[in-house]
Amino acid sequence: MTFDDALDLAAAICLLLGAFLSLAAGIGLLRFPDALSRLHAATKPQVLGLLFIVAAIALGSRSMAALLALLPVLLFQVLTAPISAHMVGRAGYRTGNFRRELLIVDELENAVDKASREADAAGEPVEDRGVGPAPTS
Amino acid sequence: MDIALGIVYFAAGLMFTAAALLAVSRIVRGPSILDRVIASDVLLTTLLLAIGAEMVINGHTRTIPLMVVLAATAVFGTIAVARYVSKQDKPATDEPATDKPIPDEPALDIEEGSGK
């Protein structure tokens, strides 16, 4: 087995792992019971799966230029995946789009109650506390 | 060696196909808009990974710019939808497997019609 073969094999293994993470996200989407747990499954391939695929491309093409061109892909994804997951999770919680009996602990409930009471006390209109930008808390 | 690589590539393609089909089925079935937006995010991620896998399999690097653009813009759709989800989008009932009613009131009391 030559060195080239070993690199090809490593690239193939990375490819397989990335594909497996993608498949796991698909299965999780179908099998998990509510939006928040589906979100958990969905965010796995966005970073780790992409990391594997980028590694596979770099190993397969064996060029530094390709790796440098792929770094922005990873950078963008690492920067934006948490934002979108946070937004979806936040909207999911605030619209009651989850099953409370599945939660073990709900640390956000007290904070939201508190913010809600404070807003009531301050006489803010209810519309300001909707699904939009966060209240002061 | 070549046969082993061929099998690996075939398996990877099969997994991507299955993942995309599962995501599409979740987009169709819902039940809420958030489930659909999560599933479409997964579909886009699968596409991104499949483009990368195709580069590995065919041994070229020509579609890297496509990956960069997809990775940079994938976030906008999700944020735009998540920002405007309203309480009316809560599913009335979940999957048939779950008989328990969904708790009616979330922690935050939003009046009907708000959040639009």
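The following paragraphs describe the helices of chain A, their packing against chain B, and the nonpolar core to which both chains contribute.

The structure is a predicted model, and the values reported here are computed from its coordinates. Chain A contains five helices and zero strands, so that its elements, read along the sequence, follow the pattern α-α-α-α-α. Of the 137 residues of this chain, 39% count as buried. Among the contacts in chain A that join residues at least 6 apart in sequence, 60% link residues at least 24 apart.

The contact between the two chains involves 63 residues of chain A and 61 residues of chain B. On the side of chain A that touches chain B, two or more residues are given by each of α1 (3-31), α2 (35-42), α3 (44-61), α4 (64-94) and α5 (107-122). The greatest contribution to this side comes from α1(A), with 16 residues. By class, the residues of chain A that face chain B in this way comprise 34 nonpolar, 17 polar and 12 charged.

Two helices of chain A, α3 and α1, were examined for their packing against α2 of chain B. In the case of α3(A), the partner helix α2(B) spans residues 33-58, and the two axes lie 9 Å apart at an angle of about 15°. Because an angle under 35 degrees counts as roughly parallel, α3(A) and α2(B) are assigned to that class, and their crossing is left-handed. On the side of α3(A), the contact is formed by A:P45, A:Q46, A:G49, A:L50, A:I53, A:V54, A:A56, A:I57 and A:G60, which meet B:T45, B:L48, B:L49, B:G52, B:A53, B:M55 and B:V56 of α2(B). This contact is made up of 11 nonpolar and five polar residues, with no charged residues.

For α1(A), the axis comes within 10 Å of that of α2(B), and the two cross at roughly 165°. That angle makes α1(A) roughly antiparallel to α2(B), and here, too, the crossing is left-handed. The residues that make the contact are A:A11, A:L15, A:G18, A:A19, A:S22, A:A25, A:G26 and A:L29 from α1(A), together with B:A39, B:V42, B:T46, B:L49, B:A53 and B:V56 from α2(B). They divide into 10 nonpolar and four polar, and no charged residue takes part. B:L49, B:A53 and B:V56 of α2(B) are thus found both in the contact with α3(A) and in the contact with α1(A).

Within chain A, α1(A) and α2(A) pack with their axes 8 Å apart and at an angle of about 175°, and these two helices are therefore roughly antiparallel to each other. A:A25, A:G28 and A:L29 of α1(A) meet A:R38, A:A41 and A:A42 of α2(A), a set that includes four nonpolar residues, one polar residue and one charged residue. Of the residues named from α1(A), A:A25 and A:L29 also belong to the contact of this helix with α2(B).

The largest nonpolar core has 58 residues, and those with the most contacts inside it are A:L15, A:I53, A:A56, B:I38 and B:A53. At least two residues of this core are supplied by each of α1, α2, α3 and α4 of chain A and by each of α1 (2-29), α2 and α3 (64-83) of chain B. The helix that gives the most to the core is α2(B), with 14 residues. With residues up to four places away in sequence left out, B:I38 touches A:A35, A:R38, A:L39, A:A42 and A:V88; among these, A:R38 and A:A42 also take part in the contact of α2(A) with α1(A).

Two further residues of chain A were considered individually. A:F20 lies in helix α1 and is partly exposed, with 17 other C-beta atoms within 10 Å. Its C-alpha atom is 41 Å from that of A:D113, a residue 93 places away in sequence. A:R62 is located in the loop between α3 and α4 of chain A, and it has a positive phi of about 50° although it is not a glycine. A:R62 counts as exposed, with 12 C-beta neighbours inside 10 Å.

Definitions and conventions
Residues are numbered from 1 along each chain as its sequence is written. Chains are lettered from A and ligands numbered from 1 in the order in which they are written. This is a predicted model: local features need pLDDT of at least 70, side-chain atom pairs count only at pLDDT 80 or more; totals for chains, interfaces and linings use all residues. Helices (H or I, at least four residues) and strands (E, at least two) are DSSP runs, numbered from the N terminus. A residue is buried if 20 or more other C-beta atoms lie within 10 Å of its own, exposed if 12 or fewer, and partly exposed in between; C-beta atoms are placed from the backbone. Two residues are in contact if their C-beta atoms, placed from the backbone, lie within 7 Å. Ala, Val, Leu, Ile, Met, Phe, Trp, Tyr, Cys and Pro count as nonpolar, Asp, Glu, Lys and Arg as charged, and the others, Gly among them, as polar. Axes are lines fitted to C-alpha atoms, for helices over the stretch in contact, and angles run from 0 to 180 degrees between N-to-C directions. Angles under 35 degrees count as roughly parallel, over 145 as roughly antiparallel, 65 to 115 as roughly perpendicular and the rest as oblique. A crossing is left-handed if the near helix is turned anticlockwise from the far one by less than a right angle, and right-handed if clockwise. A nonpolar core is a set of buried Ala, Val, Leu, Ile, Met, Phe, Trp, Tyr and Cys residues joined through C-beta atoms within 7 Å.
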